[in-house]
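Reader: I would like to go through this model one interface at a time, beginning with the nucleic acid and then turning to the protein. Could you take my questions in that order?

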Protein chains: 2
Amino acid sequence: MNKRQIQKKKTRELILQMAKAEFVKKGFLNTTTSEIAEKAGIAHGTLFLHFKNKDSLIVEILDRELEEISSIIQNLISRAIDLEQLLLQYLDLLQEEEELFVVLARELPFYNEELRRKILFRDSIIRSHFHKAIELGIKEKRYRDVDVTSAVMFLFGTINYYLSLKPIFLKEGSVIKKFKPSIVKTFKQLLISD
Amino acid sequence: MNKRQIQKKKTRELILQMAKAEFVKKGFLNTTTSEIAEKAGIAHGTLFLHFKNKDSLIVEILDRELEEISSIIQNLISRAIDLEQLLLQYLDLLQEEEELFVVLARELPFYNEELRRKILFRDSIIRSHFHKAIELGIKEKRYRDVDVTSAVMFLFGTINYYLSLKPIFLKEGSVIKKFKPSIVKTFKQLLISD
DNA sequence: CCTCTCGATGAGTATTCAGTCACCGAGTTA
DNA sequence: TAACTCGGTGACTGAATACTCATCGAGAGG
C-alpha cells in the first residue's frame, strides 16, 4: 500500500470510529453526517466518498458490532454452560455495550427493512439458544412445563423494555447491572418450581 | 355561540380528529402538520391558529386518549375483579386501541419530557393496580413468593415488546389478540405453583 | 521534472418541515 | 349599511440536513 492508500484507509477507519461514538451517544437517527465529519476532522463531503450514504455507514458499523457480539455469544454457547450461566453472561455482554443496545432497543422499529432484518436475524439466533436450553431443561424435568416460546419472549421483552426506557429507571450507570439479579431471579422462578 | 364560534370549534375538532387518525396510522413523529391540514381540508396556517405548535397538538390528543383509557381502567379496578380477569380486560383494552399503543410503545423514548412523564404517570397507575393485586395474592398464599416489582416489569415489558415490534410477529391483525393466551398463561405460571 | 491520478475540500443544491404574516372576506355590531 | 372583527388563507421564511461537484494539490508514475 502506498501513502495514498494508507491515508484513505485511515480516513475510512476514522469515520467509522467517530460515527460509532456519536451513534452510541445520540442514536443513529439523531446523529448528522456533518457532526460525524466534524468529529473525524474531515470535510463533510469526504464522508460520502467513503460511504454511499448515511444508511450504508450505519449498516457497516452495525454489521461489525453484531458480528463481534454474535461470535462472543457463539463462544458462550459452545462451552455448554447451563441456562443461568448463559443468561448471566449474556447480560454481562449487554452491560458492556449497553449504550449501543439502548440505541438499538429504541430505534429498531424505525430502521429500514434491511437493517431491521439483519439485527433481528442475529437476535433470533441468540433467542434460539435460550429456546433450546429451556427445552432441554423441560425434557430433563429440571424445568416446569412452560410455553417455551412465550417464556423466551418474556425474557427478551423485559430486557428490551429496561433498555429502551433506561433513563426512567436510573439517572446514571447501567440498567442491566441494576436489574440483572431481579431479571435472573424472576426468570428462574418462571422455570423452576419451588 | 354565534356562527363564527361554532365554525371555530368545528374546525378545531376536525383538526383533532384528523390528526389522531394520521398519528395512529403513521406515528406522531412521521406525521407532518401539512398532512393534517390537508386531511382536515383547511389551510396549513389555520392549524397554528388553533394550536401553538405541533407538540401541543400531540399533547392534547394524547391527554384526551389517556384520560379516557385511564377511566376505563379505573372502572375495571373498582369492580374488584381477580388478577386474571384484570389482565384479560386490560389486554382487551389494548387490543381495541392497538394502533395507538403500538405508536406509543415505539415512540415513547423520543417524546419530550412533558409528554413522556404524562404517559408514564398513567402507566404507573395501571402498574400499581397489578402490583397490589399480586401482593394480595402472595399474602393470601394464592401466589408464589415472587419479586412483585420484577414480575410486573416482566408483564409490561413483554406487552410493550410485542407492541413495538408488531410487524415482525404478524402481517395483519392484532398482536395482542394473537398472543393474549400465551401472555396470560405464562404470567399465571410465574405466579402460581403447579 | 512533468504529467496525471485521485482523495479531500467546502460551498452549493435540493428537500423537507414547522411556523409566520399580510391580506381577505364572511359575519358581527352599532 | 357602514365599519369593524376575527377565523381562515397560502405563499413565504428559516432551519435542518443529506448529498453533489467543480476545484485543489499532494503524491504516483514515467
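**Contacts with DNA and within the protein**

Author: In this predicted model, a polar side-chain atom of Thr46(B) lies 2.7 Å from a phosphate oxygen of DNA strand D.

Reader: Which residues come nearest to DNA strand D?

Author: There are 21 residues around DNA strand D, and they divide into four nonpolar, twelve polar and five charged. Sugar and phosphate make up 59% of the strand D atoms that come within 4 Å of the protein. The residues that come nearest are Thr33(A), Arg4(B), Thr11(B), Thr46(B) and His50(B).

Reader: How far is a phosphate oxygen of DNA strand D from an N or O atom in the side chain of Thr11(B)?

Author: Chain B also approaches the phosphates of this strand through its backbone, since a backbone N or O atom of Ala43(B) lies 2.9 Å from a phosphate oxygen of DNA strand D. For Thr11(B), an N or O atom of the side chain is involved, and its distance from a phosphate oxygen of DNA strand D is 2.6 Å.

Reader: Turning to DNA strand C, which element supplies the largest share of the surface near it?

Author: Around DNA strand C there are 20 residues, of which Arg4(A), Thr11(A), Thr46(A), His50(A) and Thr33(B) come nearest. Sugar and phosphate account for 60% of the strand C atoms that come within 4 Å of the protein. At least two residues of this surface come from each of α1 (3-26) and α3 (44-50) of chain A and α1 (3-26) and α3 (44-50) of chain B. The largest share, four residues, belongs to α3(A).

Reader: Which side chain has an N or O atom 3.1 Å from a base nitrogen of DNA strand C?

Author: It helps to separate phosphate from base here, for a polar side-chain atom of His50(A) lies 2.6 Å from a phosphate oxygen of DNA strand C. A base nitrogen of the strand lies 3.5 Å from a backbone N or O atom of Gly45(A). The side chain with an N or O atom 3.1 Å from a base nitrogen is that of Arg4(B).

Reader: Within chain A, which three residues supply 51% of the area that domain 1 buries against domain 2?

Author: The assignment for chain A gives domain 1 (1-51) and domain 2 (59-191), and the centres of these domains, taken over C-alpha atoms, are 30 Å apart. Twelve residues of domain 1 of chain A are in contact with 13 residues of domain 2 of chain A. Together the two domains bury about 1100 Å², with 68% of it on carbon and sulfur atoms. The three residues that supply 51% of the area on the domain 1 side, more than any other three, are Lys20(A), Val24(A) and Phe28(A).

Reader: Which residue meets Lys20(A) in a salt bridge?

Author: Between domain 1 of chain A and domain 2 of chain A the count is four salt bridges. The side of domain 1 of chain A that touches domain 2 of chain A divides into seven nonpolar residues, one polar and four charged. In one of the salt bridges, with an N to O distance of 3.9 Å, the side chain of Lys20(A) meets that of Glu97(A).

Reader: How much area is buried between chain B and chain A?

Author: The interface between the chains involves 38 residues of chain B in contact with 38 residues of chain A. Arg144(B), Phe154(B) and Tyr161(B) supply 22% of the area that chain B buries against chain A, more than any other three residues. Carbon and sulfur atoms give 64% of the area buried between the two chains, which is about 3200 Å².

Reader: Which element gives the largest share of the side of chain B that touches chain A?

Author: Between chain B and chain A the count is two salt bridges, and the side chains of Asp194(A) and Arg144(B) meet in a salt bridge at 3.1 Å, N to O. The elements of chain B that give two or more residues to this side are α6 (98-107), α7 (113-139), α8 (148-164), α9 (166-169) and α10 (175-191). The residues there divide into 20 nonpolar, nine polar and nine charged. The largest share, twelve residues, comes from α8(B).

Methods. Residues are numbered from 1 along each chain as its sequence is written. Chains are lettered from A and ligands numbered from 1 in the order in which they are written. This is a predicted model: local features need pLDDT of at least 70, side-chain atom pairs count only at pLDDT 80 or more; totals for chains, interfaces and linings use all residues. Side-chain values use heavy atoms; hydrogens and water are left out. A residue is near a molecule or strand if one of its heavy atoms lies within 4 Å of it. A polar contact is a pair of N or O atoms within 3.5 Å; within protein, one must be able to donate a hydrogen and the other to accept it, and residues adjacent in sequence count only if both atoms are side-chain atoms. Domain bounds come from an automatic or database domain assignment. Contact means heavy atoms within 4.5 Å. Buried area is the accessible area (1.4 Å probe) that two parts lose on being put together, summed over both. Ala, Val, Leu, Ile, Met, Phe, Trp, Tyr, Cys and Pro count as nonpolar, Asp, Glu, Lys and Arg as charged, and the others, Gly among them, as polar.
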